[in-house]
Amino acid sequence: MFEVVSNEILAENLHKMVLVAPRIAKARKAGQFVMVRLAQGEERIPLTIGDADPAAGTITLFIQAIGASTRKIVSTPVGGFIRDVAGPLGKETHITNWGRVVCVGGGVGTAVLFPLVKALAEAGNEITTIIGGRSERYVILADELGALSKNLLITTEDGSLGYKGFVTGPLSEMIADPARAPQAVFAVGPVPMMKAVANLTREPGIETIVSLNPIMIDGTGMCGGCRVQVGTETKFACVDGPEFDAHLVDFDGLSDRLTSYRKEEAARHAAEGC
Ligand code: NAD
Ligand code: FES
């Protein structure tokens with residue numbers, strides 16, 4: 001059993017939860033995730049380990065409450081318990097000192113970006129972080145990411161904060177300017193955003209890494225639920241990823257798979273009244 005020691009609302013439907021999980025806190029590396037199951041018989045949910053404090057024996061999870069299972073998890077109060085937290089799973093992020101790096105976070109994907117920015121900053125990279133949301137209230141972790149980055153650029157689609165438009169706006173301006181063009185780009189967010197970032201960096205040949213969130217069931221490479229086409233190979237995001245070379249990912253195939261169970265999910269939400 002894993003005790004909840006803090007549960008904070010960061011934005012609409014987005015919680016930051018801190019759990020006691022000493023072994024995971026000690027072993028985890030940036031980019032890895034855990035499979036969380038609230039109680040016996042509940043759905044397993046893959047969640048990126050947002051941060052960890054090995055001395056305190058805690059891990060931080062950023063959880064978007066979008067379905068029945070995630071709503072139940074975020075409603076666990078401080079002092080309550082989560083039955084299963086399995087991990088750390090997945091490959092750690094390949095971190096090196098590229099020099100100038102741009103980290104792009106779209107909406108809730110910004111939470112997954114946070115541990116990558118932290119690890120890249122610790123490796124001495126000069127980081128520009130670009131984060132965006134539909135409006136100001138969907139922009140998350142700006143202070144935390146600003147503290148780790150040389151520059152923080154914010155975009156909102158309605159112009160309520162920062163640049164008006166998508167995160168790809170400031171990124172394309174940077175790529176076009178030789179004095180600001182990055183050596184590497186990390187992008188985490190909705191599939192159309194990651195595809196758009198890959199399209200911007202492909203021609204100039206800028207190394208680009210995306211973190212994917214396909215449907216996961218077991219998280220151990222057994223079920224094949226998280227398969228994704230990367231170049232000529234079929235990869236399992238849970239054991240081969242979740243990070244991949246953006247220029248090789250079949251984003252259209254990933255979109256199709258992510259929407260294949262919409263009808264069943266809607267029926268389940270209706271049955272569970274959420
Ligand atoms: P959203 O749709 O509100 O988009 C957030 C931002 O992403 C936008 O404001 C924009 O700046 C950028 N963006 C979106 N579409 C774009 C496009 N076509 N071109 C350029 N930029 C674009 O996102 P949200 O509702 O906060 O996030 C939900 C989505 O994020 C879900 O689809 C979820 O599956 C995905 N997600 C992905 C990860 C991951 O690990 N990759 C993690 C969490 C959530
Ligand atoms: Fe089952 Fe990856 S989640 S193979």
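Student: Buried means under 20% relative accessible area, and exposed means over 50%. In this predicted model, does Ser135 count as buried or exposed?

Tutor: Ser135 is found in the loop between S9 and H4, and, leaving aside its neighbours within four places in sequence, Ser135 is in contact with Thr156, Asp158 and Ser160. Its relative accessibility is 12%. Since the limit for buried is under 20%, Ser135 counts as buried.

Student: Which residue in the loop between strand S9 (126-133) and helix H4 (142-148) has a positive phi in spite of being other than glycine?

Tutor: The residue is buried, with a relative accessible area of 7%. Its phi is near 60°, and the residue in question is Leu141.

Student: Asn13 also has a positive phi although it is not a glycine; what is its relative accessible area?

Tutor: Asn13 sits in the loop between strand S1 (2-11) and strand S2 (14-20), with a phi of about 65°. Partly exposed covers the range between the under 20% of buried and the over 50% of exposed. Asn13 falls in that partly exposed class, its relative accessible area being 35%.

Student: Which helix gives the most residues to the largest nonpolar core?

Tutor: This core has 32 residues, and those with the most contacts inside it are Val104, Leu171, Val210, Leu212, Val249 and Phe251. Several elements each supply at least two residues, among them strand S3 (33-37), strand S8 (100-106), helix H5 (168-176), strand S12 (184-188) and helix H8 (251-259). The helix that gives the most, with five residues, is H6.

Student: Why does this core lie between the two domains?

Tutor: The chain is divided into domain 1 (2-89) and domain 2 (100-259). The core lies between them because residues are given to it by both domain 1 and domain 2.

Student: How many residues are in the second, separate core?

Tutor: This core is separate from the largest one, and it includes Ala11, Val112, Leu145 and Ile209. Its number of residues is 24.

Student: How many residues of domain 2 take part in the contact with domain 1?

Tutor: Taken over C-alpha atoms, the centres of domain 1 and domain 2 are separated by 22 Å. Domain 1 brings 18 residues to the contact, whereas the number from domain 2 is 19.

Student: Which charged residue belongs to the lining of the largest cavity?

Tutor: A search of the whole structure finds one cavity of 30 Å³ or more, and about 30 Å³ of space lies in the largest cavity. The lining is made up of Gly31, Thr48, Val112, Leu116, Ser211, Pro242 and Glu243, which divide into three nonpolar, three polar and one charged. Because Asp, Glu, Lys and Arg count as charged, the charged member of the lining is Glu243.

Student: Pro242 is in that lining; what is the omega of the peptide bond from Gly241 to Pro242?

Tutor: Pro242 lies in the loop between H7 and strand S16 (243-245). The peptide bond from Gly241 to Pro242 is cis, with omega near 15°.

Student: Which residue is joined to Pro88 by a cis peptide bond?

Tutor: Pro88 is found in strand S7 (residues 84-89). Omega of this cis bond is about 0°, and the residue joined to Pro88 is Gly87.

Definitions and conventions
Residues numbered from 1 in each chain as written. Chains lettered and ligands numbered in written order. Predicted model: local features only at pLDDT ≥ 70, side-chain atom pairs only at ≥ 80, totals over all residues. Heavy atoms only, no water. Core = buried A, V, L, I, M, F, W, Y, C linked by side-chain atoms within 4.5 Å. Buried < 20%, exposed > 50% of the residue type's maximum accessible area, 1.4 Å probe, protein only. Helix = DSSP H or I, 4+ residues; strand = E, 2+ residues; numbered from the N terminus. Domains from an automatic or database assignment. 1 Å grid on protein atoms, 1.4 Å probe; cavity = no way out; pocket = protein on both sides within 12 Å on 5 of 7 lines; lining within 4 Å. Points joined across faces, edges and corners; volume = space filled by probe spheres on them. Contact = heavy atoms within 4.5 Å.
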